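User: I'd like to learn how to read a few features of a model, one at a time. Could you give me the idea first and then the case here?

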Amino acid sequence: MHLPISDKIELNILHQNSHQAYKNKVKLNNYNLLCLNIMSSPGAGKTRLLELTLEDLSKEFQSAVLEGDMTTNLDATRLEKLNIPVVPITTGRACHLDANMVNGGLKLLEKKINPDLLDILLVENVGNLVCPAEFEIGEHFKVALLSITEGEDKPLKYPIMFREADLILITKVDLLPYLNFDINELKSNITSTNPNADVIEISSITKSGFNLWQDWISKKILKFKNK
Amino acid sequence: MHEVDMTKCLILSMEEWAEKKNKEKIIVEKINLKIGEFTCVEPISLINTFNAAVLGSWLDSSEIKIETIPFEGKCSKCNRSYFPKKENGYKSPCCNFNLEEIISGRELKIASIDFKEK
C-alpha cells in the first residue's frame with residue numbers, strides 16, 4: 001500500500017451536465033434556433049402563458065416546445081392543440097430538466113420537424129423554484145415567472161432562480177385589486193436580487209403586458225438570427 | 001431531491017477522472033468539495049445521497065468532505081466586499097446598493113481527490 005496522494009482537480013460538480021448543455025447549445029446555434037428556458041413554481045402560469053404566446057408568435061415565427069413535466073403529459077397535450085411541434089419530457093423523480101433530457105428532447109424534435117425551419121424553441125421546465133436554474137440545458141436565455149399570489153418575498157427566498165433569470169415575468173397581475181399585495185415591494189426584491197434582469201408585468205386573463213413580452217421575444221429572435 | 005442529480009454528475013466526473021488513473025489500481029479515500037452558500041445544495045443531503053449511491057461500488061469506501069464557501073458580494077459603489085443577507089435584500093451595508101457582483105458563493109466544485117494506489 002502506498003501513501004495517499006492528493007489530486008487537485010478543481011472541476012465543476014455539474015461538469016457532465018454543463019458539457020452536454022454546451023453541446024445542446026452548439027446544436028441549437030447550428031440550427032440558428034433561439035432557445036428560452038421557462039421556469040417558475042408550479043401554478044405560476046407557464047403553460048397558459050405559452051398557449052397565449054404561441055397563438056400570437058406563430059403569426060410571425062415558427063415555434064416548437066419541449067414540455068418538461070414530472071409525471072404527466074397534460075401540459076404537452078394542451079400545447080399540441082396549437083398545431084406546433086411539442087415534445088413532452090417526463091422527468092419522473094427529477095424536479096428539473098437537465099441537459100441530457102433536453103438532448104433527448106431535441107432528438108425527438110428532429111424526428112418531428114427539420115429544426116432549420118424553426119425560429120424559437122420554448123422549453124417549459126418543471127415547476128420548481130429551488131433548482132432548475134442551477135442546471136443549464138443549453139438555453140440562450142432564462143425566463144422566470146413569479147405570480148403575485150406567491151408573495152413579495154420569493155426573490156429573496158429563492159434567489160438563485162431570480163438571480164439567474166434574464167427576464168422575470170410578474171404574472172396574474174389582474175388579481176392585484178383583490179389581494180393585499182405590494183407590487184413595488186416585489187419589484188424592489190427582484191432588483192435587489194438581480195439588478196440586471198428585465199421585468200414585465202403580465203396577465204393571461206386581460207393580456208396586459210403581452211405586447212411587451214412578445215416584443216421582448218421578437219427582438220431576441222431577430223438579434224439572434226442576425227448575429 | 002436535486003442532490004440525487006448532483007450526485008449522479010459527481011459520480012460520472014469521478015468515473016472520468018478514475019479512467020485516467022487506472023481505476024482498478026486505486027482506492028479513493030476522500031473527495032474534497034467546495035460548495036458555495038449561494039447554491040441550491042444542502043451539504044448534508046449531498047453527503048447522505050452520495051453515501052447511499054456508492055454502496056457496493058468502487059467508491060464505497062470513499063468519504064465526501066465539504067468546505068463551505070461563504071457568499072460574498074462586492075459593493076458596486078465603493079468596491080468594498082460584504083456578506084449579502086436576504087434580510088437586507090442582499091444590499092451592501094456600506095452604501096445600500098443592490099447586489100451587482102458576486103465574488104464567491106456560487107461554487108459547486110470537486111476541489112481535490114485523495115487516493116491511494118493498491
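User: Let's start with Asn22(B): does it count as buried or exposed, and why?

Analyst: Keep in mind that this is a predicted model. The way to judge burial is to count neighbours: a residue is exposed if 12 or fewer other C-beta atoms lie within 10 Å of its own, and buried if there are 20 or more. Asn22(B) has 10 C-beta neighbours inside 10 Å, so it counts as exposed.

User: Where is Asn22(B) in the chain, and what is its phi?

Analyst: Asn22(B) sits in the loop between H1 and E1 of chain B, just after H1(B). Its phi is positive, near 70°, although the residue is something other than glycine.

User: Which residue of chain A has a positive phi of about 60° although it is not a glycine?

Analyst: That is Asn83(A). Its place is the loop between helix H3 (74–80) and strand E4 (86–90) of chain A. With 9 other C-beta atoms within 10 Å, Asn83(A) is exposed. Asn32(A), just after H1(A), takes a positive phi too, of about 55°.

User: Now helices. What span should H1(A) have, and what do its end C-alpha atoms show?

Analyst: The check is to work out a span at 1.5 Å a residue and set it beside the distance between the end C-alpha atoms. For H1(A), residues 15–30, the 16 residues should span 22 Å, and the ends are 22 Å apart, which agrees. For the 20 residues of H1(B), the expected span is 28 Å and the ends are 29 Å apart, which also agrees.

User: Which residues of H1(A) are buried, and how are they placed around the axis?

Analyst: Look down the axis and see where the buried residues point. In H1(A) the buried residues are Gln16(A), Asn17(A), Gln20(A), Ala21(A), Asn24(A) and Leu28(A). They fall within an arc of 130° when seen down the axis, so they line one face of the helix. Val26(A) and Asn30(A), on the other side of H1(A), are exposed.

User: What do the buried residues of H1(A) pack against?

Analyst: In chain A they pack against strand E2 (34–39), helix H4 (99–112) and strand E5 (120–124). Helix H1 (2–21) of chain B is also part of that packing.

User: And what covers the buried residues of H1(B)?

Analyst: First, the buried residues themselves: among them are His2(B), Asp5(B), Met6(B), Cys9(B), Leu10(B) and Met14(B). Their cover includes E1 and H1 of chain A, together with strand E1 (26–36), H2 and strand E6 (108–117) of chain B.

User: What does the same reading give for H2(B)?

Analyst: In H2(B), residues 43–53, Leu46(B), Thr49(B) and Phe50(B) are buried. Their arc is within 100° seen down the axis, so they line one face of the helix. The face turned away from that buried side carries the exposed residues Ile44(B) and Ala52(B). What covers the buried residues includes H1 and strand E2 (63–69) of chain B.

User: How do I read the crossing of H2(A) and H8(A)?

Analyst: Take the approach of the axes, the angle and the handedness in turn. The axes of H2(A), residues 46–57, and H8(A), residues 210–225, come within 11 Å and cross at roughly 65°. The crossing is right-handed. Leu52(A), Thr53(A), Asp56(A) and Leu57(A) of H2(A) make the contact with Phe210(A), Trp213(A), Gln214(A) and Ile217(A) of H8(A). By class, the residues of this contact are five nonpolar, two polar and one charged.

User: How many residues of chain A are in contact with chain B, and which elements do they come from?

Analyst: For an interface, count the residues, then trace them to elements. Here 31 residues of chain A are in contact with 31 residues of chain B. On the chain A side, the elements that give two or more residues are strand E1 (5–12), H1, helix H6 (159–164) and helix H7 (183–193). E1(A) gives the largest share, eight residues. That side has 15 nonpolar, 11 polar and five charged residues.

User: Last one: where is Cys94(B), and what does it touch?

Analyst: Cys94(B) is in the loop between strand E4 (81–82) and strand E5 (101–104) of chain B. It is partly exposed, with 13 other C-beta atoms within 10 Å. Leaving out residues up to four places away in sequence, Cys94(B) touches Cys75(B), Cys78(B), Arg80(B) and Tyr82(B).

Notes
Residues numbered from 1 in each chain as written. Chains lettered and ligands numbered in written order. Predicted model: local features only at pLDDT ≥ 70, side-chain atom pairs only at ≥ 80, totals over all residues. Helix = DSSP H or I, 4+ residues; strand = E, 2+ residues; numbered from the N terminus. Expected span 1.5 Å × (residues − 1). Arc of directions from axis to C-beta. Contact = placed C-beta atoms within 7 Å. Axes fitted to C-alpha atoms, helices over the stretch in contact; angles between N-to-C directions. Left-handed = near helix turned anticlockwise from the far one by under 90°. Nonpolar A, V, L, I, M, F, W, Y, C, P; charged D, E, K, R; others polar.
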